[in-house]
Amino acid sequence: MKRSCVLSILVGGVFFVALVSLYRMLERMQLAEQQHSRTPPAGELDMQDFSRFQQKIDRLERLLGDNNRLVATLRDSLLHHRASWEGARGRGGASVNVSSAPGQADALTGCRVEEELMDGVQLLDVYDLLPFDNPDGGAWKQGFEIHYQGNEWEEQPLELILVPHSHNDPGWLKTFDSYYQDQTKHILNNMLIKLSEDSRRKMIWAEISYFSRWWSDLDEQKRAMVKSLIQSGQLEMVTGGWVMADEANSHYFALLDQLIEGHQWIQRHLGVKPRSGWAIDPFGHSPSMTYLLKGAGLNAMVIQRVHYAVKKHLAQQQTLEFLWRQSWDSSSRSDITCHMMPFYSYDVPHTCGPNPAVCCQFDFHRLPGGRVFCPWRKSPQPITENNVKERALLLLDQYRQKSRLFRTPVLLVPLGDDFRFVESSEWDAQFSNYQKLFDYYEQHPELRIKARFGTLTDYFQALQRHLQAAGTTLPTLRGDFFTYADRDDHYWSGYYTSRPFYKGLDRVLESTLRATEILFSLTLAQMRRFHGDGRLAADFPAREHFLRLIDGRRSLALFQHHDAVTGTARDAVVVDYGSRLFHSILDLHQVLQSSAHWLLLLDKSQYHHDQATPFLQTDDVMAAQDALPQKQTLTLSSEPRSLIVFNPTEQRRSVVVSVLVDMPDAHVVDAETRQTILSQISAVWAEPGRASTESFQLSFVADLPPLSLMVYHVTKASVGSAHRSKYTLLRSDGSEPPPVQAEHFQVSLPRGPEADAPLTLRNKHIQIWASSQSGFLQKLRLQSGLVRQVQIQFLWYGTRSGMNRDRSGAYLFLPGEEGAQLYSSAEPPLVRVSRGPVFSDITSCYRHFTHTVRLHHLDGHAGKSLEISNTVDIRSEVNRELVMRLVSDVASGNRFYSDLNGFQMQQRRSLTKLPLQANFYPMSSASFLQDASSRLSLLSAQSQGVASLRQGELEVVLDRRLHQDDNRGLGQGITDNKLTAARFHMLLEDRGGGAKQVGGGSVSHLSLLAHLSSLSLSHPPITMIGPVNHPLLKLRPFMPLGSSLPCDLHLVNLRTLEDPQETGSPSQEVALLLHRKGFDCSSAPEPEPACTWSAQEEVDLLQVFSPLQFRSLRRSGFTLLREDDEQDSAQQQKPHISNLRPMEISAFRAELK
Ligand SMILES: [Zn+2]
């Protein structure tokens, strides 16, 4: 059968199924309508009828939603059909294989087509549906009146599980250490006493950073008491992460790493494994986190901070409990049971039921005479024989109302708040008063309630029991819970960017940690092999280095806390976090330097560790926790100076390496081959128009094999022998040529019409045009002929004005009514164009930022991305936020895509029914716009807020300076801005014929090139400076891999595990973490990258990592717990042959040979 024939039949088949479904949907709607018409006149309606009526309307609404989706699918398949047909006709009848991938799919085995996965609740559709009108819901302000008959629990009594908890932020208003000393250690000390007093009492704990800190203070007897509380189920570790991580700004590397750190600690010291997740305070929730939790072996979780309108909608549908499924997963493999708290907060007033004035009376920490009270003016009363009946019934009413929002009679009610249970009196007040109420319920079975203290596992087990007994499962849900609003138009989109300096530093530590982990693990394996008997080099400080690694892991882990990377802590706490990040980066450099030293030495006997004067030194130097890194200036002579470049990526790549040297003439050779390397000398600009005379930038093209350490020699060269950048300087008013001092460089200062012509730069792949007035990009043209207008603009947002208005702060973005205002400066900018054989760029120097667009003259795909860097300083401003906007002619409709934690792409729809600030989303590493013929991707090295407010536009927030608190407890504005760098890659690509006209499917992926571009942006090469070449200390390049990993396979980490016997020492085992990325089918990489890929899920890891060898290799859970290790089986005969599915992470416990 001809392929075009197969195409027609396939498309026809899709049509037929869709039409039948549409027909059935309409039939169902009609039925619903008939039932609806049988309802009695309004006057006869009692409350039950109202609620039924409500349910029916909800059902209709749901059906309509389904119907909309179906119509959208029909429309898409029609477009698809037409595009394929036209494509096929255009190619003279050549056919397209629709079933795998449209367009250029033939060249792209293993890619992923855009999809609409239609089962269950799709949150994108919920957003389309909701009016976001925020009506007053009565006692439950953001909800509705809840009704019940009283006979709902006749068959099965209400099963209440009250879960005591204390939310301990590892830094917010106080530092981690201050909180520990003032509150947390008392909470945990009292827990030990108070839980031991009565076996019915329970407690959950989430933050392992605190728990491990406390553990180090305990004697053996107390440790044994803790273990027995855990064994008996009275104390449960929930989630088990180092912190309760932020889910918007954190990259999945760090999310997973803090989970591994916590789980490994728990396994080693407590011998258990967390089963349930608890994330009650992060400001919005991401499915990337649920994916990691599922992979770590958790099967259920609780979340809280979700947009109030979404909560209300899900409550109306009884869908607050659901199976959260990954958007891209067509199976149920990634499903995790999720319980969403229905009300405003996780405190006691908002958890017992819908009425906070009533619930507050059951927070016995607020008994009269204490420090906290109920703002609803009704105080709690101690439970006595006299009031127990009245109190028990009042509380039961709340429990019953809350229960009506869920599908089973089992009810989860948390009991706790921030830093609760500090004093022993609070333990007594809460536990003894609740016990009296529970006893009363037990004595009155006619009330049909069984109540007890419990943990999350108690709750979820009861839930599963009820679901199984009823023979039902929970509905599935796909999507994410951004952007969070807790009331009115208060959207929490400000924290996506707050304190951008530290969001950048977070990623610097992250990439440094990953690079160090990998190099350290490879070093230990090489040493053991070198010595033959498993010994390490005698002088190599393996244990000290491993402790530095652990410290680095824990600094990064702590910073993932939802008040750290979010930028929502007090100034002094930010400095504390910053110092930890800074010191960890310095410590990790030591590990990197001495690992590289040993690996590179030809004669290993010459290895000597000297901490005071290291053999190699990283060339980036950070002077303080709040300073951008500076490069040290190398002194050159005719004796070759060694430069070591480490490529921390699993891909061979051509990359431009830059160092500073003390003269404008330098020569670079490959130390091994003696070949001269193409290089370029550029000016180091001390001021916009004044070049340094002491320092020059030497840039050269390094060809770096995967995970290699390459050695280059730099020497002084004869005067004028090096390629020097040529400069053109412009000042847009044209009156006066800009003052220039750059004696070693050729500088032209065009005037008149010559100065007004657009600036243009080009390499083999791309040509760009920029305005000579502003220096900003205007247009791009690809080699293929594709031309796109892409104008870069800078704009300011202000905040609301007027005395009583809420204004933007650390959490909230509340822009002024005027919206964004185009950036303008009184003084025209200095525009500097540089041209050279290695790179060319255009730099615009403004008062508040320096903006550079650079093209690298590289042959491979690395030359296709445009590098954009901004150095921002808004310290002179009051209540302003600076954004960079791309204005393009990409017909993207109201859709764009942004990533979630660098792990997956999520479709976004910009909705006019929502306020401006609601249309901002988190961007951890990538976003893109697309239409039928092109895709414009913006990749970033740091996280920030992103929006597409109009078709073709994409904007990212660079920094925010806000002079007031936004009333979420922080008690200050954010005015500790720094000189901050933001780095991006921009990538324009052609799309194949099968691409959808506008927007695209709800499930879409980065292109292969975008993945590779993002990889090199996030993991830059690390340059180290060696001593002057010495014959005894000859260095030889280190190349552990024979070839690049497949393009879509990312080595997430190679993390040395701790010795099970010897705390603080490295074991021979490593965690090998791999992520097989999903990539889009509509753009084939052009030129083809050096790496290969295949459509097969089965991968031979021995082949992939050759010539590295494994002594053992065993698949495990994501956090490498022993009990998650795959058992020996018949298939395990070849453990190196493993299924790596697209989009999925795989974890292995391995021993390198
Ligand atoms: Zn918190």
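About 130 Å³ of space lies in the second largest cavity of this predicted model. A cavity is a set of points on a 1 Å grid over the protein atoms alone where a 1.4 Å probe fits but cannot get out; lining residues have an atom within 4 Å of a point. Grid points are joined across faces, edges and corners, and a volume is the space filled by probe spheres set on the points.

The model is predicted, so local features need pLDDT of at least 70 and side-chain atom pairs count only at pLDDT 80 or more, while totals for chains, interfaces and linings use all residues. Residues are numbered from 1 along each chain as its sequence is written, and side-chain values use heavy atoms, with hydrogens and water left out.

**Cavities**

The second largest cavity has 13 lining residues. Leu123, Leu124, Tyr127, Arg908 and Tyr921 lie nearest its centre. Helix 3 (123–129) and strand 37 each give two or more residues to this lining. Strand 37 gives the most, with four residues. Helices (H or I, at least four residues) and strands (E, at least two) are DSSP runs, numbered from the N terminus.

A search of the whole structure finds 15 cavities of 30 Å³ or more. The largest cavity holds about 300 Å³ of space. Its lining has 26 residues, and nearest the centre are Tyr252, Gly902, His1011, Ser1014 and Lys1077. At least two lining residues come from each of helix 7 (252–270), helix 14 (500–531), strand 37 (904–909), helix 18 (1008–1018) and strand 45 (1049–1058). Helix 18 gives the most to the lining of the largest cavity, with four residues.

The table sets out both linings by residue class. Ala, Val, Leu, Ile, Met, Phe, Trp, Tyr, Cys and Pro count as nonpolar; Asp, Glu, Lys and Arg count as charged; the others, Gly among them, count as polar.

| Cavity | Nonpolar | Polar | Charged |
|---|---|---|---|
| Largest cavity | nine residues | 13 residues | four residues |
| Second largest cavity | six residues | four residues | three residues |

**Zinc site**

His167 (NE2), Asp169 (OD), Asp281 (OD) and His562 (NE2) coordinate the zinc ion at 2.0 to 2.1 Å. Along the chain, the donors follow the spacing H-x1-D-x111-D-x280-H. His167 sits in strand 2 (residues 158–167), while Asp281 sits in the loop between strand 5 (276–279) and helix 8 (287–295). The pair is 114 residues apart and links distant parts of the chain. Donors are N, O and S atoms within 2.8 Å of the metal (3.2 Å for Na, K and Ca); water is not among the atoms, so sites may look incomplete.

The arrangement is irregular because the four donor atoms subtend angles of 91 to 164°. Four donors count as tetrahedral if all angles lie between 85 and 135 degrees; four count as square planar and six as octahedral if opposite donors are over 155 degrees apart and all others between 65 and 115; anything else is irregular.

His167 counts as buried, at 1% relative accessibility. Asp281 is buried too, with a relative accessible area of 6%. Buried means under 20% relative accessible area, exposed over 50%, and partly exposed in between (1.4 Å probe, protein chains only).

**Two helices**

Helix 14 has 32 residues, and 28 of them are buried, so the rest of the structure largely encloses this helix. Its end C-alpha atoms are 46 Å apart, which agrees with the 46 Å expected at 1.5 Å a residue. The expected span is 1.5 Å times one less than the number of residues. Just after helix 14, Gly532 takes a positive phi of about 80°.

Helix 15 (residues 542–559) reaches 26 Å from its first C-alpha to its last, close to the 26 Å expected. Helix 15 is mostly covered, with 13 of its 18 residues buried.

**Backbone details**

A cis peptide bond joins Phe482 and Thr483, with omega about 0°. Thr483 lies in the loop between strand 11 (476–478) and strand 12 (485–487). Another cis peptide bond joins Ser1106 and Pro1107, with omega about 5°. Pro1107 lies in the loop between helix 19 (1101–1104) and strand 48 (1110–1116).

Phe421 is not a glycine, yet has a positive phi of about 65°. Phe421 is found in the loop between strand 9 (410–418) and helix 12 (424–443). Phe421 is buried, with a relative accessible area of 1%.

Conventions
On a 1 Å grid over the protein atoms alone, a cavity is a set of points where a 1.4 Å probe fits but cannot get out, and a pocket is an open set with protein on both sides within 12 Å along at least five of seven lines; lining residues have an atom within 4 Å of a point.
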